[in-house]
Amino acid sequence: MNVTQLFPEPPIPPSTPADRVHLAALAGLELMTTPRLVALQSGRTPEEAYAVATGREAPSGAIAALFEQTRGLRERWAASAERNRPDDVAERCANLDVQIVAPGDHGFPPQLVDDPRRPAVLFVQGDIGALDARRVGIVGTRNPTRRGALTAEHFGQELAEAGVVVVSGLALGIDGAAHLGALKSPGSRPVAVVANGHDQPYPKRHGHLWRQVAERGAVISEWPPGVAPDPFRFPQRNRILAALSEIVLVVESRERGGSLITAREAAERGIDVFAVPGPIDQRSSLGTNRLLADGAAPAFDVECLLVAIGLDHRRAGRERVDTRRIPDADGTVVLDLMRERPGSIESIAQETGWALGRTAKALVTLERDGWLVEVGGWYESLEPIGGSRRDER
Amino acid sequence: MFASVPSAVLFGAQGHPVSVEVHVGKGLPGFHVVGLPDESVRESRDRVRAAVMSSGASWPDIKITVNLAPSRQRKSGSGLDLAIAVGVLAASEQIPIESIERMGFVGELGLDGSIRSVPGVAPMAGVLSVDDLVVPAGNAHEAAIVADGRVRPCRHLRELMAVCNESAPWPDHDVCPDDAVPTFEPDLSDVIGQPMARRALEIAAAGGHHCLFVGPPGAGKTMLAARLPGLLPPLDRDEALAVTMIHSAAGVALPPDGLVVRPPFRAPHHTSSQVAMVGGGSTSLRPGEISISHCGVLFMDELPEFAPRVMDTIRQPLEEGEVSVSRAALHVTIPSRFQLVAAMNPCPCGDGNEPGGCECGDARLRKYVGRVSGPLLDRFDLRVKVDRPDVAQLIDNRPGESSAVVRLRVAAARRRALERQGVLNNRLAARDLDRFAPLEPAALDCLRNEMERGRLSARGYHRLRRVARTIGDLRPEGAEVLDEETIALALGMRVRIRPPHTIERAA
């Protein structure tokens, strides 16, 4: 039996407007981390904590030790307090339509309330109520194969169509593709967990995606506007992403990477991790294959995920029409070869023993009909892993 | 006394006759050169004086005036040295003035009186109508190709004076200079595997198409490009003359018999300046690399590393086959109909070959590729992916087809094109495409589709059809109407260099 259940913590009281404003200002201080925020708040109201952090009140105990331990922290906080006066931060939040949510508040996600590393405050653009639905996290590498990105997009869309909220990080690559897919489904409410303030969408290239997610669902951050996407904030972000998901799907990942941190955070919280299997020698599948070896569940198609969260649409009988022209004999041979890995005219000609002209015709026809995509002479299959639409018919 | 001696100077790749007038007369001792000489010509005063004195003649210590006519044109280069010296000798009556009648002189003098080679003797010899042309021994081979009269190679001013004073016959110098380079063309059989790249090279050779190789370092892009000239037929007489003129003017080493008969191959480094590429310079307007590769191959390795301005300046000559260089005082047009072959890595790290196989994200990739402007990329008829050869093939080391075999097919294809339309396929006019390169309906559908999807610009469409025409011509039996396979191969040899902005999906 869990100790916390024997001695339940007293319920946290809801925050007052002054609490929220001071929390936001505290979180906006330079070098602020969640443990420091928690230490500052222990036994103090946010207002008192702000006074201690900015040096207007003498620190005691843990905070004095912290100042002792980290040289320059006291000065940095005092200096950045000049730029982060509570009223300024509150105004910035208001201008960006960012709500400040503290753990005792009604909107604070219940999944995070009991989290061992509970955020001290959350900043939300959009409607945090989007989280009151079934939620699947989709993460992966920033450098996916085109096909991997397509797989993420496909999963995102299919999940969204099944009414599931796609939770992801808005990063380049898999994350963005998953959200792109989710947005394709009308009425979907995707949720993004990001590592910086809402004033400057990061990465810049996903600014549009960011705004769309905020408009339809929610963009959640642990940090107020003005906080930059420092590298150390991303692994922290991943724990929130994992905690907010019922299951986490890793689409493509290298042997090391942020998506594996998310998977670990999920596993620590007892959240099931799914991984899309990939070719064993493809770099962007090394991490996901390793996850599978370590006990993650394989995700062959969207049904695997839906069944895992108790939604089974297999008998629902939705209609999908593939308008693409059915490949001819040569095309079918080539498409089968391409299922496993990308190829070029040269490599396909070598595998089939056909002349270059015949091979080129087969590949160009498949590309034109939307079965393949070509970049730099490499042709990749556009069949998402797990899509297998061609086999159904 | 007065003497007038024919000589010539160089502008671009053209010689211009100059008559060197020397007057030796009363007055305070002095030596003046007038008639718009530039610094290099003015320096020749000191060389000429020393050379004359070193050759056993005496320097007239009276007033010497040299006029370079026509005097409105700027003159540069050291090639007038010899003419000035001869003029001084004749005007001061140290050699009989009749002895140099109808003779022309080109050459630089050393302080010891030796006659040294200068660039551009071939074009200069072409504009001098004289009976005897005296040139440095090192330039005799090129002068002989174009000169109207006899070419008299000389090594020393003393030899020349002896001939003029009739105390010795014309010296009989070996006309092959020491720095002449025999042409060496590497063979295609050294290339292992690479069926696509080989095919592309053959098509490029047969149709004169511009070609871009994209592949990781060590894939053999440079090796392939260097083998293209070996697949081309020898230059015809007119081309050979034009190329020789340009090479002579640019100071490029000529083959032993002086005449450039094989298509040149130039591979300027990617740090080359704009002037080095298109030609220029203050007064003489030296031909640039694009002109030196006239009728041959210009190879630009590491294309994105070239300065953007350099890449853009070659676009216009690429279309027009000649380059016009203008300076304040003069303007020259130099032929530069070259075949462009370029090579680049697929991404900055170079290893980004297989999709998802490298560190470079789309943004880095786009930045790298973006250095090559779209219009320039569009001008490559062939854009081919080159892979590192298979390990098995490399170890197996079975030689591929040799250049000689491919050259036969290329020659046959070029003959077909010339018999049909009088020009190579790359110069086939857009309005003649339907007549000379008709398509089967399926092939036309395929092309229309590519255009509708925005994969092919109007220029790309025409270029693609020209490439398809060449692929047809390369078939052993030829092909009147081009089928879908031909078009597909041409399309397959036009790979997409930039990653698409969004994941597109036709469904």
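**Exercise 1.** In this predicted model, determine how strand β10 (residues 211-214) of chain B and β18(B) pair, and over how many bridges.

*Solution.* Step 1: the pairing of β10 with β18(B) runs in the parallel sense and extends over four bridges. Step 2: at the residue level, B:F213 is found opposite B:V384 of β18(B). Step 3: helix α7 (residues 195-207) of chain B packs on the sheet, where it touches β10, β17 (339-344) and β18 of chain B. The direction of helix α7 makes about 165 degrees with that of β18(B).

**Exercise 2.** Establish the strand order of the open sheet of five strands in chain B, and identify its edge strands.

*Solution.* Step 1: the order reads β11-β14-β17-β10-β18 (chain B), with parallel pairing. Step 2: an edge strand pairs on one side only, a condition met by β11 (265-266) and β18 (382-385) of chain B.

**Exercise 3.** Identify which residues of the largest nonpolar core touch the most other members, and which helix gives the most to this core.

*Solution.* Step 1: the core holds 262 residues, and those touching the most other members are A:L26, A:L249, B:A85, B:A143 and B:V384. Step 2: the leading contributor is helix α3 (residues 81-91) of chain B, with nine residues. Step 3: leaving aside residues up to four places away in sequence, B:A85 touches B:V48, B:A51, B:V52, B:L109 and B:L157.

**Exercise 4.** Characterise chain B as a whole by its secondary structure, its buried fraction and the sequence separation of its contacts.

*Solution.* Step 1: chain B contains 21 helices and 18 strands. Step 2: of its 507 residues, 50% are buried. Step 3: among contacts in chain B with a separation of 6 or more, 75% join residues 24 or more positions apart.

Terms used. Residues are numbered from 1 along each chain as its sequence is written. Chains are lettered from A and ligands numbered from 1 in the order in which they are written. This is a predicted model: local features need pLDDT of at least 70, side-chain atom pairs count only at pLDDT 80 or more; totals for chains, interfaces and linings use all residues. A nonpolar core is a set of buried Ala, Val, Leu, Ile, Met, Phe, Trp, Tyr and Cys residues joined through C-beta atoms within 7 Å. A residue is buried if 20 or more other C-beta atoms lie within 10 Å of its own, exposed if 12 or fewer, and partly exposed in between; C-beta atoms are placed from the backbone. Helices (H or I, at least four residues) and strands (E, at least two) are DSSP runs, numbered from the N terminus. Two residues are in contact if their C-beta atoms, placed from the backbone, lie within 7 Å. Two strands pair if DSSP finds at least two bridges between them. Axes are lines fitted to C-alpha atoms, for helices over the stretch in contact, and angles run from 0 to 180 degrees between N-to-C directions.
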